[in-house]
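Biologist: I should like to learn how to read an assembly of two chains. Would you kindly guide me through one?

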Protein chains: 2
Amino acid sequence: MAYAKVEHDVVIDKLMEVFRSAGYDGASMAALAEATQLKKASLYHRFPQGKEEMAHAVLRYVANWAKNRITDVLVSDSTREERLDSALNAIDELYDGGRLDCILRALSHGSAANLFRKETGAIFETLIRSFKHLAMDFGHDEQHAEQLAGELIVKIQGTLIVQRSLGGTSMFKAMLDDMRTKFMKTNL
Amino acid sequence: MAYAKVEHDVVIDKLMEVFRSAGYDGASMAALAEATQLKKASLYHRFPQGKEEMAHAVLRYVANWAKNRITDVLVSDSTREERLDSALNAIDELYDGGRLDCILRALSHGSAANLFRKETGAIFETLIRSFKHLAMDFGHDEQHAEQLAGELIVKIQGTLIVQRSLGGTSMFKAMLDDMRTKFMKTNL
DNA sequence: TTTCAAATACCGAACGATCGGTAAAGAAAT
DNA sequence: ATTTCTTTACCGATCGTTCGGTATTTGAAA
């Protein structure tokens, strides 16, 4: 009988889906196996260190996503408005307009709190640094640019949480619009 | 043998401690029992519906805390500056300067995502409404007041998450300071 | 091009530990 | 003596993990 054969990228994507929605503790091997269409033992073949290694692999994927969809875009040769829109659109996609949870947050709590701090911290730093550079392209001074970039990242996380309890998707969209305006408005 | 006898409020407090640090899924009955100094069966005597009922009790406690430490304070007869400081100090205490996790967030994810939405949403709404009234006392128009209150609540959540990965406590303190300034500065 | 063994990938079954939950016995309070 | 609360002891289910073995692919010798 032919057995399941699943592409690595597909496996990572499915793992991320489970981790982000169930959290690290809530992501059972049974759920991870069902999502990836692999049996538990097969997951251990690919990730000998188990759940922890899977989460690390997901974080590597996320760091790569951030580089491709944010960092690299923000230093491309298109106009600053186009770069800003591309990056914000990527974020809007990533979270499906605020409907989806953030994988970085999911891997920052519970028993995962101390396991992946270095990785999640590095990704947050990368994102902030990238948006800071963009803000400076819009003419903001360095201090203001850093503050603006931090505000964006913080508000993404905060809005995801608050919106989850209050319902809807309008908060997230409004927040992205508002931040877009703030980036473009150089002279306050 | 004399057996444990623990005050209800103490039990709630310890339950909250476990929920907020481990998350709903990560909070095992064993951990909840150890934290409260009660045996598992005793917890089931006090909370016949188990973990879910415990979380509901904790949320009732939190709603009460919000009313006492935020809502009521913000409509007291002291000056608006004093009321603002009292409320922000209460928040700073609650999260221990950003070191502690938010119980509302902890009960909004994983398998708890759909269990407590009504309660967590109501608390978020109460907080936003309270701070909105305070903002209006500072002379902000209604729309701006609502935006400012929402920004505060969102940034509290977001900063807690980002700071957890980046380390330290300076982000949280700076955020509270910044929001305090924004509330007091009526004319932009 | 065929052969076939080594390497790779997957799976069923089971491990000990821990999960949430319960029944019955025992202690404290009324 | 009755009620209320805690405790011991235990349950079946599920947890993450491992092992023995099977299917598939690879690649080099024939």
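Modeller: We shall take the single chain, then the interface, then the symmetry. This is a predicted model, in which local features need pLDDT of at least 70 and side-chain atom pairs count only at pLDDT 80 or more, while totals for chains, interfaces and linings use all residues. Residues are numbered from 1 along each chain as its sequence is written, chains are lettered from A and ligands numbered from 1 in the order in which they are written, and side-chain values use heavy atoms, with hydrogens and water left out.

Biologist: How many helices and strands does the secondary structure of chain A have?

Modeller: Helices (H or I, at least four residues) and strands (E, at least two) are DSSP runs, numbered from the N terminus. Chain A has nine helices and zero strands. Its C-alpha atoms fill a box of roughly 65 × 35 × 30 Å along the principal axes.

Biologist: What share of the residues of chain A counts as buried?

Modeller: A residue is buried under 20% relative accessible area, exposed over 50% and partly exposed in between (1.4 Å probe, protein chains only). Of the 188 residues of chain A, 49% are buried.

Biologist: How many residues of chain B are in contact with chain A?

Modeller: Contact means heavy atoms within 4.5 Å. In this model, 28 residues of chain B touch 28 residues of chain A. Buried area is the accessible area (1.4 Å probe) that two parts lose on being put together, summed over both. Here that area is about 2400 Å², and carbon and sulfur atoms give 67% of it. B:Val154, B:Ile161 and B:Ser165 supply 23% of the area that chain B buries against chain A, more than any other three residues.

Biologist: How many salt bridges does the rule find across the interface?

Modeller: A salt bridge is a side-chain nitrogen of Lys or Arg within 4 Å of a carboxyl oxygen of Asp or Glu. The rule finds two between chain B and chain A. One joins A:Lys155 to B:Glu151, at 3.9 Å from N to O. On the side of chain B that touches chain A, α1 (8-26), α7 (117-137) and α8 (142-166) each supply at least two residues. The most come from α8(B), with twelve residues.

Biologist: By what turn can chain B be laid on chain A?

Modeller: Copies are superposed by least squares on the C-alpha atoms of residues with pLDDT of at least 70 in both. A turn of 180°, with a shift of 0.0 Å along the axis, lays chain B on chain A with an RMSD of 0.0 Å. The two copies are therefore related as by a two-fold rotation axis. Of the residues of chain B, B:Gly158 comes closest to that axis, its C-alpha lying at 1.8 Å.
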